[in-house]
Amino acid sequence: MPRILCPTVVARQTELERIDHALDETAASRGGLLVVAGPAGVGKSRLLTEAAAAARGRAMVVLRGRCVPTAVAAPYRPIAEALIAEPPPALTGGAAESPVVVAESVLGSLQRAAASRGCVLCIEDIQWSDAETLHALEYLADHARSARVLVLCSLRDDAPTAARDALARLDARRAVDLIALAPLSTAAVAEMIARSLGAGALDPAVVELVAERAEGLPFLVEEVLATAVSSGALVHEHGAWHMTHAVGRVVPESFAVTVRERLHAMGPQGRRVLAAAALLGRSFDWDLAGRAAGSAAGITHEALDRAVELQLLAPLDGGYAFRHSLTRDALLAQLLPHERAELASGCLEGMAGQAGAAPEQRLVTASLAELAGRPEVAAGMLLEAGRASLSRGALESATAALERASTLAGEPPLRADIAEALTEAAAAAGDLQRTRAHAADLLDLLAEVAAPPARRAAAHLMLARCAIAAAHFDAGHEELDRARRMADAARDPALRARVTAAGAQLAVGRGETDAAEALARDAAAQAMATAQPQVACEALEVWSRCARTRDLAEAAEIGERALQVAEAAGLAYWRMRALYQIGVVEMFRASSAETLRRARTEALRLGAAATAATLDLEIAAVLDMTHEVEELRQTCDRCVELARRLELRAVEAVAHLFLSILEAIHGTRAAMEEEIRAALAVLPDDVELLGAAWGEARALAALAAEDRGRARDALRHAGEVYRRSPPSVMPRLGAALTVLVDSVDGRDPDLEAAGGITPLLSLGAGYLAFAEAVRLGRAGRHAEACAAVARGEDHLARNPWYRSLCWRLAAEAALTDGWGEPVAWLTDAASFFDEAGNARLAAGCRSLLRRAGARVARPTRGARALPAPLREAGVTPREADVLGLLSEGLSNREIGARLFVSERTVEQHVGCLKQKLGLRTRAHLAVYAAAAAEPAPTV
């Protein structure tokens with residue numbers, strides 16, 4: 001078996017700092033006794049090893065000895081082992097010396113070894129220490145304090161021993177420094193696994209397996225990993241570690257040997273009682289275990305007492321439990337097949353009629369039925385457990401139970417029930433591929449058992465929902481029509497409510513806001529009338545989304561109502577969805593992602609991967625507005641990967657769109673166009689996507705390059721796209737940006753085109769407020785214009801890049817029309833754009849400041865971060881701006897107009913560029929600049 005070791009100590013920083021402190025004090029002539037205590041496998045030896053290394057790093061002498069379990073103990077064995085090079089006479093002489101004399105002799109030897117450097121005596125596993133060694137350690141605890149000697153011991157404290165009693169005495173008189181090690185947390189176990197395997201990201205199944213088996217004990221973490229690797233349960237593929245689908249029980253051999261030795265001391269009947277108990281779980285009904293083993297009450301009691309004495313069991317809440325999960329696993333591994341089946345049958349009979357409502361109890365019963373050779377009973381119990389988990393929103397647990405049930409069931413009616421639950425679980429998780437597969441099996445089985453129309457309608461309804469989630473609206477419409485016809489034939493009001501709710505989802509996906517809201521209202525009323533809180537929550541969600549287009553307060557109120565319904569019914573999944581809707585309103589109002597992140601955490605916990613991917617989009621929108629660049633990129637990349645895997649086309653496309661906007665505001669137009677192409681490759685006919693590509697990404701890229709003409713062209717394209725499409729719940733920020741640019745340019749803006757959700761979104765509202773300020777200022781209503789700017793600044797308080805862009809645009813008009821504080825706006829904007837790497841925007845701000853006669857600060861270091869070839873040639877940021885515009889074929893006059901400088905100044909810059917870059921003509925400069933030019937945008 002391979003040996004897997006963690007290269008570093010995990011989650012023991014506090015303990016290591018205490019050891020370091022003790023070493024420092026020992027080096028300064030104050031030693032003593034330090035004991036590291038804890039259960040077996042908790043990492044005591046590793047901590048002593050680290051302490052020894054730290055001591056050697058201080059040039060201290062390190063001596064080590066170990067106690068061992070033997071039938072007859074040898075006096076002073078560990079101390080003699082540590083001092084084997086120069087043992088004191090008291091340890092080697094034949095005369096019988098008192099423990100005090102021996103201990104004093106040992107202390108003298110340690111002091112001589114320490115000299116001026118200090119000495120550490122490490123004694124491991126003092127729970128197996130002989131009495132004489134314990135006496136010596138107690139003496140050293142009192143007298144090593146005045147010497148440069150630190151006695152460092154490890155103690156297994158999970159059983160009564162003489163060493164534990166001695167430690168209690170020392171602790172009572174404060175003669176020992178005690179470090180009590182606790183098991184690692186799940187997070188620390190995950191970190192230890194990652195370090196042990198050298199893995200960056202971990203398959204959650206690996207953490208789950210090791211955390212369950214090792215229970216926070218570092219030794220067992222390493223043992224379980226090693227055993228899992230050697231057994232093939234844990235494999236390294238494609239640069240990452242993964243669990244296989246056939247994961248058996250992983251029991252480290254070293255641990256199994258210990259358990260076998262203790263079981264041997266139990267006797268045949270005692271082992272049988274424990275075997276039955278192991279089949280019932282880690283904690284168990286001891287009376288049931290005894291009856292299943294065929295033992296009389298007295299014999300069962302004796303077996304339990306003996307198991308506690310041997311540390312196999314521990315009393316727990318009036319009953320018993322195995323001290324460690326691996327103890328139970330090791331015991332089960334020793335059972336022969338016929339023993340398992342016989343004992344499982346006995347347990348199953350004893351549990352007849354006792355199975356409670358908890359899924360965990362059903363899972364135990366299912367396991368017993370399977371071991372007893374009764375697969376249909378096991379499948380039925382797993383189905384019940386899966387349904388219960390599904391109703392609580394525990395999608396992963398439900399799927400695991402149901403998939404196991406499907407392998408056991410044989411009769412068509414039971415198989416149909418399982419397929420139905422599996423389809424529902426896959427649809428709830430948004431997994432289109434799995435939903436289709438399970439639904440196809442379900443429809444075949446329903447035909448085989450001649451199921452009524454209502455049940456077949458439910459299958460088509462689940463297919464419709466999944467198609468809608470994946471933006472396959474035509475397929476969703478077809479499945480919904482089938483479900484509606486069957487529901488009408490069945491005259492089932494509850495099913496009709498579910499169909500209506502799905503119809504609302506389809507309508508909102510198609511952008512039919514009014515129809516969606518009407519259907520959602522009807523569905524919510526129908527669902528409450530038929531006592532279907534899940535359907536009511538779904539309808540309220542759609543209603544809230546539609547309400548956002550006109551009233552954020554109403555949308556928040558509907559979201560809170562959905563949250564109340566979900567919490568009252570104990571619906572974890574729909575509670576998460578309600579948080580989603582409340583979080584979106586919070587995003588619109590305050591550019592905050594706090595509630596959205598809470599919802600995403602809940603979605604991942606529940607296994608709702610599709611919802612988690614969609615939440616990533618909402619979070620990305622906030623990160624874009626607040627200019628948190630690195631997290632935005634990571635979030636979008638994560639979203640693209642997950643959406644592609646789940647076939648969530650709309651989600652994948654919008655994630656690419658966010659990445660295109662990110663590239664746009666950084667001026668990397670080629671990368672922007674690549675992301676736009678990726679988005680349109682996924683949804684080539686989506687008008688909202690195309691409109692946003694022109695009205696947000698390309699328009700912002702042009703504004704970031706100080707190219708107002710190109711920005712106007714992009715916004716015009718966006719307007720044409722929007723005009724040929726119906727209203728949408730998607731925010732059309734390009735329409736609001738058009739209003740701002742038109743206002744600055746002195747054009748009459750199309751305010752109606754910016755209606756709907758745009759003014760309710762903080763970014764859209766900011767654009768419109770600044771646009772209004774520009775128009776008011778031009779009309780001579782300066783006080784009102786300043787008030788409008790203040791409103792815009794409030795809307796964009798958490799949107800620094802967009803606020804700075806609005807300052808730059810509004811300042812241009814304010815300088816011309818003589819209102820507001822354009823110098824202050826431009827100064828702040830220039831500083832921000834310098835640090836954000838938007839050199840051209842910063843240069844544009846400074847040009848306007850010069851035009852205003854204001855003092856212009858020099859660019860910050862961030863603005864001077866030019867490409868290496870230009871920087872090495874001594875090209876200035878302003879010259880780089882001119883060079884970039886040369887690639888666009890502009891004349892000196894056009895470049896001067898773009899940069900707000902004279903034609904003569906541009907000519908001087910061109911001359912300097914020729915000299916610095918060693919180029920002879922303006923044409924050569926244009927070719928040089930064009931080498932880095934981005935491709936033209938494509939539709």
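**Helix packing and burial in a predicted model**

Tutor: In this predicted model, helix 25 (residues 513-529) and helix 26 (residues 533-547) pack with their axes 8 Å apart, at an angle of about 155 degrees.

Student: Why are helix 25 and helix 26 called roughly antiparallel?

Tutor: Their angle is about 155 degrees. Angles over 145 degrees count as roughly antiparallel, and therefore helix 25 and helix 26 get that description. The crossing of helix 25 past helix 26 is left-handed.

Student: Which residues of helix 25 and helix 26 meet?

Tutor: From helix 25 they include Ala516, Ala520, Ala523, Ala524, Ala527 and Met528. Among their partners in helix 26 are Val535, Ala539, Leu540, Val542 and Trp543. By class, this contact of helix 25 with helix 26 has 13 nonpolar residues, 1 polar and 2 charged.

Student: What makes helix 24 roughly parallel to helix 26?

Tutor: The axes of helix 24 (residues 493-509) and helix 26 cross at roughly 25 degrees and come within 9 Å. An angle under 35 degrees counts as roughly parallel, so helix 24 is roughly parallel to helix 26. Here too the term is left-handed for the way helix 24 passes helix 26.

Student: Which residues does helix 24 bring to helix 26?

Tutor: Ala497, Arg498, Ala501, Ala502, Ala504, Gln505 and Val508. In helix 26 they meet Val535, Glu538, Glu541, Val542, Arg545 and Cys546. The residues of this contact of helix 24 with helix 26 divide into 8 nonpolar, 1 polar and 4 charged.

Student: How do you know that helix 37 has a span close to the expected one?

Tutor: Helix 37 (residues 762-778) has 17 residues, and from its first C-alpha to its last it reaches 24 Å. The expected figure, at 1.5 Å a residue, is 24 Å.

Student: Why is helix 37 called largely enclosed by the rest of the structure?

Tutor: A residue is buried when its relative accessible area is under 20%. In helix 37, 14 of the 17 residues are buried, so the helix is largely enclosed. Just after helix 37 comes Gly780, with a positive phi of about 85 degrees.

Student: What makes Ala115 partly exposed rather than buried or exposed?

Tutor: Buried means under 20% and exposed means over 50%, with partly exposed in between. Ala115 has 48% relative accessibility, so Ala115 counts as partly exposed.

Student: Where does Ala115 lie?

Tutor: In the loop between helix 5 (99-114) and strand 3 (119-124). The C-alpha atoms of Ala115 and Val61 are 9.1 Å apart, while 54 residues separate the two along the chain.

Conventions. Residues numbered from 1 in each chain as written. Predicted model: local features only at pLDDT ≥ 70, side-chain atom pairs only at ≥ 80, totals over all residues. Heavy atoms only, no water. Axes fitted to C-alpha atoms, helices over the stretch in contact; angles between N-to-C directions. Helix = DSSP H or I, 4+ residues; strand = E, 2+ residues; numbered from the N terminus. Parallel < 35°, antiparallel > 145°, perpendicular 65-115°, else oblique. Left-handed = near helix turned anticlockwise from the far one by under 90°. Contact = heavy atoms within 4.5 Å. Nonpolar A, V, L, I, M, F, W, Y, C, P; charged D, E, K, R; others polar. Expected span 1.5 Å × (residues − 1). Buried < 20%, exposed > 50% of the residue type's maximum accessible area, 1.4 Å probe, protein only.
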